[in-house]
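Reader: I keep hearing labels in class and never know where they come from. Could you take me through some of them, with the reasons?

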Amino acid sequence: MRLSQVVRPGPGQFLCEPGALKYLDQKVASFTHPVIITGEKSYEAFQKYYTGSLNLPVYRYDGTASHEDMERLSSLVEGTDCIVGIGGGRVLDTAKGTAELLQVEYVTIPTVLGTCAAYTPLSAVYHPDHTFKVVDYYEKAALLCLMDLDLLVESPKKYFMGGIGDTLAKWYEAEGITRHVDGQLPAMVKVGLQTAKVTQQILLEDSKDALDSMDRRVVSPAFQRVAEAVVAIAGTVGGFAGEYGRMAGAHAVHNGMSLVPETHPFEHGVKVAYGVLVQLWASGDEEEVHRLLPFFEENQFPHRLEDFGVKENKREKAEKIAAFAASDSETFKLAVPEVTARNVYDAMNAVESLSGKNAVGIQG
Ligand SMILES: [Zn+2]
């Protein structure tokens, strides 16, 4: 059986609180040669908040999250018995891949709130030229995922927005996929789905407060809940729901948007969040779109093509996105099996017309 189909509950230990870095020394005390794999900015952020007495060798990843860099690092750190990954998604994916090559334990310390990479035993691997290669699944989960909320509340807000958007899709995509499944779902998949529902509830209730908290650089209970939803609960959804918790319509719209260069500066998750609205409209869940719009407005998530910088030839570009999203190679069909490019376009047009005072659909 492939590892991607195996239930993966999560790291051995999960610690998330203000000042959590103070636990690092005791957690790696049993190892003889721990090393750090990190990036430039992420290591700076770590140093600002770390007050322990470890003086571990530090190795930098090369920015690619490639097999080549994992190989390079694994020969550099040979003899280590524990890798401490400190950084964002690509750093952590590199640290995990390196630990797998050496078959050693690893600790993850996220320095941004953009992905669930700190929690999941898998990596998105890229080619050295930064094009996507493959998702690798690992035998070992992290020994410990250590989230220091003092560090994270000062991390860039744009990544947190992306993390919130990507996590919002967890429930809507999983629900979209499983509503077409006949018969009873396996018990563990039900756990994954319930978990996805928890992410949705937390995000809808707490995102505003969590983002304000970040603006004020004060750790609030809502900030902690949303941070845990984005990293740990999101990671749990995939770990339990497996293929039922995978990407569907929202990510297909995101992938279609990659054909329109104006949207490139926007975070992955922010585009996925827009895709949630389009998927919902295309699946006949107009009411849910109306329910979500205030969330988009209040938290300043773009929900019109123009918000993504698409100002010219909107119609043509929207058709391009729709055609790609509805194609057989994409995942929109998992949520809406009979979907056509026309349906996706109509959904985009409808969403466009809803939002804003003078919105009149996709024109020009
Ligand atoms: Zn995503």
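Author: Sure, let's begin with helix α11, residues 286-298: its 13 residues reach 19 Å from first C-alpha to last. This is a predicted model, where local features need pLDDT of at least 70 and side-chain atom pairs count only at pLDDT 80 or more, while totals for chains, interfaces and linings use all residues. Residues are numbered from 1 along each chain as its sequence is written, and side-chain values use heavy atoms, with hydrogens and water left out.

Reader: What makes residues 286-298 a helix?

Author: Helices are DSSP runs of H or I with at least four residues, strands are runs of E with at least two, and both are numbered from the N terminus. α11 has 13 residues.

Reader: How do you know what span is expected for α11?

Author: You take 1.5 Å times one less than the number of residues. For α11 that gives 18 Å, and its 19 Å is close to that.

Reader: Where does α11 bend?

Author: At Leu292, by about 30°, and Pro294 follows within four residues. The bend is the angle between axes fitted to the seven residues ending there and the seven starting there.

Reader: Why is His251 called buried?

Author: Buried means under 20% relative accessible area, exposed over 50%, and partly exposed in between (1.4 Å probe, protein chains only). His251 has 7%, so buried it is. His268, at 33%, therefore counts as partly exposed.

Reader: Which residues of α11 are buried?

Author: Glu288, Val289, Leu292, Leu293, Phe295 and Phe296. Their cover includes α6 (157-178), α7 (187-216), α10 (268-282) and α14 (341-354).

Reader: What makes Phe295 and Phe296 an edge-to-face pair?

Author: Rings of Phe, Tyr and Trp (its six-membered ring) pair if their centres lie within 6.5 Å; planes under 30 degrees apart are stacked, over 60 edge-to-face, and the rest tilted. By this rule there are 10 aromatic pairs. Phe295 and Phe296 have centres 6.0 Å apart and planes at 75°, which fits edge-to-face.

Reader: And why is the pair of Phe295 and Phe301 stacked?

Author: Their planes are at 15° with the centres 5.7 Å apart, so the pair is stacked. Both Phe295 and Phe301 are buried.

Reader: Which atoms are the protein donors of the zinc ion?

Author: Asp166 (OD), listed twice, His251 (NE2) and His268 (NE2), at 2.1 to 2.6 Å. Donors are N, O and S atoms within 2.8 Å of the metal (3.2 Å for Na, K and Ca); water is not among the atoms, so sites may look incomplete.

Reader: Why is the site of the zinc ion called irregular?

Author: Four donors are tetrahedral if all angles lie between 85 and 135 degrees; four are square planar and six octahedral if opposite donors are over 155 degrees apart and all others between 65 and 115; anything else is irregular. Here the angles among the four donor atoms run from 54 to 141°, and the site is irregular.

Reader: What do His251 and His268 tie together?

Author: His251 is in helix α9 (residues 249-257) and His268 in helix α10, so the pair ties together parts 17 residues apart in sequence.

Reader: What stands out about the phi of Gln300?

Author: Most residues other than glycine have a negative phi. Gln300 has a positive one, near 60°. Gln300 sits in the loop between α11 and α12 (314-326), and with a relative accessible area of 62%, Gln300 is exposed.

Note on methods: Contact = heavy atoms within 4.5 Å.
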